[in-house]
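Reader: I should like a close look at a single part of this model, namely its charged side chains and the pairs they form. Please extend the account to the residues and loops that help to place them.

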Amino acid sequence: MGNGLAAVLLHVGLAQLEILCKQLYETTDTAVRHQAEKALVEFTNSPDCLSKCQLLLERGNSSYSQLLAATCLSKLVSRTSNPLPLEQRIDIRNYVLNYLATRPKLAAFVTQALIQLYARITKLGWFDCQKDDYVFRNVIADVTRFLQDSVEHCIIGVTILSQLTNEINQADTTHPLTKHRKIASSFRDSSLFDIFTLSCNLLKQASGKNLNLNDESQHGLLMQLLKLSYNCLNYDFIGTSTDESSDDLCTVQIPTSWRSAFLDSSTLQLFFNLYHSIPPSLSPLVLSCLVQIASVRRSLFNNAERAKFLSHLVDGVKRILANPQCLPDPNNYHEFCRLLARLKSNYQLGELVKVENYPEVIRLIANFTVTSLQHWEFAPNSVHYLLSLWQRLAASVPYVKATEPHLLETYTPEVTKAYITSRLESVHVILRDGLEDPLDDAGLVQQQLDQLSTIGRCEYEKTCALLVQLFDQAAQTYQELLQSTNSSAADITVQEGRLTWLVYIIGAVIGGRVSFASTDEQDAMDGELVCRVLQLMNLTDSRLAQAGNERLELAMLSFFEQFRKIYIGDQVQKSSKLYRRLSEVLGLNDETMVLSVFIGKIITNLKYWGQCEPITSKTLQLLNDLSLGYSSVRKLVKLSAVQFMLNNHTSEHFSFLGVNNQSNLSDMRCRTTFYTALGRLLMVDLGEDEEQFEQFMLPLTAAFEAVAQMLSTNTFNEQEAKRTLVGLVRDLRGIAFAFNAKTSFMMLFDWIYPAYMPILQRAIELWYHDPACTTPVLKLMAELVHNRSQRLQFDVSSPNGILLFRETSKMITTYGNRILTLGEVPKDQVYGVKLKGVSVCFAMLKAVLSGNYVNFGVFRLYGDDALDNALQTFIKLLLSIPHSDLLDYPKLSQSFYSLLEVLTQDHMNFIASLEPHVVMYILSSISEGLTALDTMVCTGCCSSLDHIVTYLFKQLSRSTKKRPTPMATDDRFLHIMQQHPEMIQQMLSTVLNIIIFEDCRNQWSMSRPLLGLILLNEKYFADLRNSIVNSQPPEKQQAMHLCFENLMEGIERNLLTKNRDRFTQNLSVFRREVNDSMKNSTYGVNSNDMMS
């Protein structure tokens, strides 16, 4: 009776679960879905989840309930706290394999979820032993029974291997990276080659049969086999490609033990044959595999073997080019372009020209490229690979030693011509059909122009002749259209579009000039091109009062940027033929006259395009770049136009400085750039001339007075006050950044302090909740306290250093206490509203604490609480930020960890006096930062940890020497550390692990705290050492033990510099020896080691 009731209850429970699953996956009503989700989360966390999942799989009627069971089980086996026991995991694995074998016709997403579950169990249990047997490693045996059955079973077997390879290759965030790499390396050494060989053999069998590819299941099997081969070839063999998105990691680090598969040309031939025999829908996968095979590391072969391999590869490419039926498919086309690019990224031009059919192949590739460029609207994202191939070919021409002809002088100009003419021809089609204009995608255009700059420099006279001819035609037509009374606006727009492309391209080929390979003739040709662009600029500038073209103006700025980089500045020979040509045609006799053209253009743009943000910011960037050069800035100051700017930087001359016309406060960013450049120009002749400085600052003085006036009345226009203030502080930050010499910076300091400081403090009080207003004010303050180039040196009798710190402390305290009153901020706004300001406060505090112009001891001496207030506010702000945010936001983590470094170095007494929970928070933030990806954060953590450990070590040494008792706070800190030894021990284990098992990029920094950690925890270190030694294979244990012996050889029990340096030297030897020992080991470290 009891059992029957239980069964009924269970049945009701299952039915309820099935309804919930349906609601979760099918309903469109978000409220219902949310409820279902909540109920199912409770189900996942319930203690009997495991047995219920099995019942769902056995008796569930819908695919959704099977999916739920599979995903719940995946969560259960993945959890790091309270993991499932080994027997249970073995049972689940066997159950899943049987379930898949007996039900080959499950819904695809259920099969996928179950295979994912199998892969997850296998990965996480890779190092688990039962009676000296690694129970989860007999992968191929698990799959063999599937492969000997029906096609459906075969597909499942192959998918299992494919998914497993993928799963082991992917690092997940819940388990440490070190553990992931150990599993991945062990899988690579024990199973991956067998899996790859198996997949190739199955592909050979498949291609040998007459496949009926209309049969869906055969088609599916072939697809899974290709995916499996790709996953094997795309494996991260040595743990280098953490970022999947970059296509520049062109080398596939195939292990030496795989040589046989690549020396035998049948592997390569297999994939080329498959490409020609299977339907186009599958051929992109074949090409993806070929891209990986073409990228096998060079060192896998000797020279003769590599030449033979390359010859087969080029033959295969030639066959595809000779039979291009499948290439019109965009996916095929894209992968084939990637394959072509790899020909040059992995082989040298000298090797390519020796291939038997090279002349024929290079002709086919050139034709293919020209055709591709002419059909610019087809697969625009693939062009990048073709251009990168030609860029690399053109760049190697000067270095090729082979006697065989490379023929690039014939084909490169064809590619250049095809690119240029196809871009010009695209203009009217885009306008006519209302298509997207590629010129709007600045990143893509820039990338292509960078590639063209090298390609176009090959056979440069041909490129120039073509550009001159096309430019003259377009410019003449344009002029005629402008003079004619009945020309249509569309015709004018087409010519402007063509000229835009030409100006961009001319800028690019000039930017491609390489000083050592350039001849006078080429410089004279550059002169021809520059003259034409400048003449066009005169024409378009004369029309700006009526009309202008934004894209053409942006192209001009890009051209000026390239021209400046190559022909203006301290490195350029002034005798260049370019200048001779400019003086003949335009009367520009020297660099000063050319600079006056630049400045003229900058002022024109700021006058007419002040409302256009992209043009304004690029124009100001150009001005900023010009103001950086030592000789050019001195020539600029002599120009009347520059003097005009220095004397008239007001909104009536430069509209972007206006207050009421901006729609958005953040649009004022460009003002900082403008004033940085003006500040540099002003400093050239400023010296100690206070009158000239006062004169320059008049507009800013007026603005400050206006804000002061507004803030002093009760009723003022808040918007206007904010705008005036934000514009003003952005201007001042630019000037403060530029003034990096003591005399000029002191003038600025005396101007702003004490007169205007209260206004900045008042603004923070009033508008703390509006980051668009506070961030610029905080950034100005952070710039003022930054002792750049030792500019903040106050006289012996001046209290200004201390007064400046008081102001800083007041601002941090005001902002900090007020921002904390905001309470909970939504996650998507928390950075903008709160963390960005906090990050600037941390940076400001770091700058003032490490600036060396304040003696911080005097504050306590005279009962001044400025230092305490600032530090206490820092702690309050810090405790309001979750640990994850500290590492998730790069700017915040950099400012926090660099501030922490200064605090632990100079204010350790303060850190030691903190409450236990705060000390633990800081220590755990250091512990997490040690494994951060950002090297700066990691190095800062090492340094902070070193200061803390050294302090502890000194305190312990003192307390053992029975000196007079130190301050109570020191005892307290020691006490906290003795109560929580696990904190320091965990860091010792982390640092040691990174040094032994990871690619440690900052070994020196890591070595500094390690010695102190070892000396504070000698017993724990001994246990750790034994656990690492015992985890090695028996034949390696002695060597590992010796490595540890040598590490401590000659090290004394102190932290004196000499002893530390010795330890650092020992450590680099230790790391080398351990790595050599581990390289030859197939085990890696046991999974129940200290990292798991």
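Author: The account below begins with the salt bridges and then turns to a charged patch, the backbone and two buried residues.

The model is a predicted one. Side chains of opposite charge can pair when their charged atoms come close. In this model the count comes to 38 salt bridges. Three pairs and one network are described here.

The pair of Arg 551 and Asp 440 has its closest N and O atoms 2.9 Å apart. Arg 551 belongs to helix H24 (residues 550-567), while Asp 440 sits in the loop between helix H19 (408-433) and helix H20 (442-455), so this bridge ties together parts that are 111 residues apart in sequence. With a relative accessible area of 34%, Arg 551 is partly exposed. Its partner Asp 440, at 51%, is exposed, because the limit for that class is over 50%.

A salt bridge also joins Asp 795 to Lys 742, and here the closest N and O atoms are 3.7 Å apart. Asp 795 is in the loop between H35 and H36 and Lys 742 is in helix H33, so the pair ties together parts that are 53 residues apart in sequence. Lys 742 is partly exposed, with a relative accessible area of 31%.

In the pair of Arg 1008 and Asp 1061, the closest N and O atoms are 3.1 Å apart. Both partners are in helices: Arg 1008 lies in helix H47 (residues 1003-1016) and Asp 1061 in helix H50 (residues 1057-1079), so parts that are 53 residues apart in sequence are tied together. Arg 1008 is buried, its relative accessible area being 12%. Asp 1061, by contrast, is partly exposed at 35%.

Salt bridges also link Asp 472, Glu 528, Arg 532, Arg 581 and Glu 584 in a network.

Which residues form the negative surface patch? Glu 688, Asp 689, Glu 690, Glu 691, Glu 694 and Asp 750 make up this patch. Residues qualify for a patch with over 30% relative accessible area and no salt bridge, so the members of this one are charges without such a partner. Helix H31 (residues 690-712) contributes the most to the negative patch, with 3 residues. Asp 689 is placed in the loop between helix H30 (669-686) and H31. The relative accessible area of Asp 689 is 33%, so this residue is partly exposed.

The backbone is considered next. Most residues other than glycine have a negative phi, and most peptide bonds are trans. The peptide bond from Tyr 753 to Pro 754 is cis, with omega near 0 degrees. Pro 754 occupies the loop between helix H33 (742-752) and helix H34 (757-767). Helix H33 is also the element that holds Lys 742 of the pair with Asp 795.

The loop between helix H35 (771-784) and helix H36 (800-819) contains Ser 789, and Gln 790 lies in this loop as well. Asp 795 is placed there too. Ser 789 has a positive phi, near 50 degrees, although it is not glycine. For Gln 790, also a residue other than glycine, phi is positive and near 55 degrees. Ser 789 counts as exposed at 52% relative accessibility, whereas Gln 790 is partly exposed at 46%.

Finally, two buried nonpolar residues may be set beside these charged groups.

Leu 313 is part of helix H14 (residues 303-322). Its relative accessibility is 0%, so Leu 313 counts as buried. Apart from residues up to four places away in sequence, Leu 313 touches Leu 268, Phe 272, Ala 294, Leu 343 and Tyr 347. From Leu 313 to Ser 627 the separation is 314 residues in sequence and 52 Å in space, C-alpha to C-alpha.

Ile 492 is located in helix H22 (residues 489-511). Ile 492 is buried as well, with a relative accessible area of 17%. Leaving out residues up to four places away in sequence, Ile 492 is in contact with Tyr 478, Leu 481, Leu 482 and Ser 487. The C-alpha atoms of Ile 492 and Gln 479 are 9.4 Å apart, and the two residues are separated by 13 residues along the chain.

Terms used: Residues are numbered from 1 along each chain as its sequence is written. This is a predicted model: local features need pLDDT of at least 70, side-chain atom pairs count only at pLDDT 80 or more; totals for chains, interfaces and linings use all residues. Side-chain values use heavy atoms; hydrogens and water are left out. Patches are made of residues with over 30% relative accessible area and no salt bridge: like charges are joined within 9 Å, nonpolar side chains (Val, Leu, Ile, Met, Phe, Trp, Tyr) within 5 Å. Accessible areas come from the Shrake-Rupley method with a 1.4 Å probe; for residues, only the protein chains shown count as cover. A salt bridge is a side-chain nitrogen of Lys or Arg within 4 Å of a carboxyl oxygen of Asp or Glu. Lys and Arg count as positive and Asp and Glu as negative; His and the chain ends are not counted. The place of a charge is taken as NZ of Lys, CZ of Arg, CG of Asp or CD of Glu. Helices (H or I, at least four residues) and strands (E, at least two) are DSSP runs, numbered from the N terminus. Buried means under 20% relative accessible area, exposed over 50%, partly exposed in between (1.4 Å probe, protein chains only). Contact means heavy atoms within 4.5 Å.
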